[in-house]
Amino acid sequence: MLISSKSNLAIKEIIKLSSDRKYRYQSKRYVVEGIKPVSECIKAGCRVSEVYCTEELLCKFPQAVTLTRELFERVSSEKSPQGVLAVVELPKNKLTSPQSSCLLLDRLQDPGNLGTIIRTANAAGYREIYLINCTDAFSPKAVRASMSGIFFTDIKTGSAQEILPLLDGVPFICADMDGKNIFRFNPPQKFCLCIGNEGGGISSEIKSLAASTVSIPMEKSCESLNAAVSAGIAMYILKQDKMR
């Protein structure tokens with residue numbers, strides 16, 4: 001089957017899933033795009049509803065519905081589309097307490113930052129990631145920036161009232177400019193690393209719950225680090241003894 005019209009119902013569905021956060025959660029599906037992400041999504045056992053690709057990629061994805069190259073480029077959210085995307089069911093992640101050290105992301109608004117943090121969390125072994133009032137982890141830009149990390153982490157989204165009670169008893173380590181030098185800090189065996197909003201940092205509500213605050217030392221000529229960079233450095237430093 002070859003689809004060439006943008007008025008096709010399946011195509012309208014893809015466009016809406018890519019652009020409308022509310023619709024993603026109503027339909028419980030999101031879009032994954034790119035040869036490697038789609039392949040890894042399938043290998044990870046994610047529930048794939050349908051795969052769409054251009055004719056030249058049909059040999060790699062023989063079960064896919066084919067689109068003309070022109071239509072695919074109109075549908076794609078990528079600047080340079082590779083020619084394959086999948087519609088995937090949202091994971092049914094329950095709001096439960098963490099089994100090991102985890103992340104709490106507070107009001108992050110940049111999907112690129114969020115996706116990069118998810119990517120690094122997966123690499124550093126932080127499986128459970130709690131999101132309070134953040135941008136959507138399943139938007140195309142965040143999924144792309146996660147570089148498949150979204151398939152291997154447990155994203156738990158909710159309000160502060162829903163999430164904070166689940167973390168009761170887990171020491172909060174807040175990344176803050178006025179915190180202790182993280183290179184001289186000895187973390188507990190299990191902890192929750194808190195990363196705040198790109199411009200405003202961690203909310204006063206969450207900061208008031210902190211067992212410790214840590215900072216990354218910088219040259220005086222540098223005012224601050226990108227949120228995703230800071231998170232990545234902190235994630236590895238806090239787990240360095242466990243990763244040797």
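This briefing walks through the salt bridges of this structure and the first part of its helical content, helix α1. Please keep in mind that the model is predicted. The salt bridges number 10 in total, and three of those pairs are described below, together with a look at how α1 is placed.

**Salt bridge between E89 and R47**
- The side chains of E89 and R47 form a salt bridge, with an N to O distance of 3.9 Å.
- This contact joins distant parts of the chain, since E89 sits in strand β5 (residues 84-89) while R47 lies in the loop between α3 (35-43) and β3 (48-54), 42 residues apart.
- E89 is partly exposed, at 32% relative accessibility.
- R47 has a relative accessible area of 53% and is therefore exposed, the cut-off being over 50%.

**Salt bridges around E56 and R69**
- R69 and E56 meet through their side chains in a salt bridge of 2.8 Å, N to O.
- Here too the pair links distant parts of the chain: R69 belongs to helix α4 (residues 69-75), and E56 to the loop between β3 and β4 (65-67), 13 residues apart.
- Both partners are partly exposed: R69 has 28% relative accessibility, and E56 has a relative accessible area of 48%.
- E73 comes into the picture as well, as E56, R69 and E73 are linked in a network of salt bridges.

**Salt bridge between K207 and D176**
- A salt bridge connects the side chains of K207 and D176, at 3.0 Å from N to O.
- It ties helix α8 (residues 204-207), which holds K207, to strand β9 (residues 172-181), which holds D176; the two residues are 31 residues apart and in distant parts of the chain.
- K207 counts as partly exposed, with 36% relative accessibility.

**Helix α1: a buried side and an exposed face**
- Helix α1 spans residues 9-19, and its buried residues are I11, E13, I14, L17 and S18.
- Why do these residues lie on the same side of α1? They cover an arc of only 155 degrees around the axis, and that places them on the same side of the helix.
- As a general point, an α-helix has 3.6 residues a turn, so residues three or four places apart point the same way.
- The exposed residues L9 and S19 are carried on the face of α1 that is turned away from the buried side.
- At the start of α1, a side-chain oxygen of N8 comes to within 2.8 Å of the backbone nitrogen of A10.

Conventions: Residues numbered from 1 in each chain as written. Predicted model: local features only at pLDDT ≥ 70, side-chain atom pairs only at ≥ 80, totals over all residues. Heavy atoms only, no water. Salt bridge = Lys/Arg side-chain N within 4 Å of Asp/Glu carboxyl O. Helix = DSSP H or I, 4+ residues; strand = E, 2+ residues; numbered from the N terminus. Buried < 20%, exposed > 50% of the residue type's maximum accessible area, 1.4 Å probe, protein only. Arc of directions from axis to C-beta. Polar contact = N/O pair within 3.5 Å; in protein donor to acceptor, adjacent residues only side chain to side chain.
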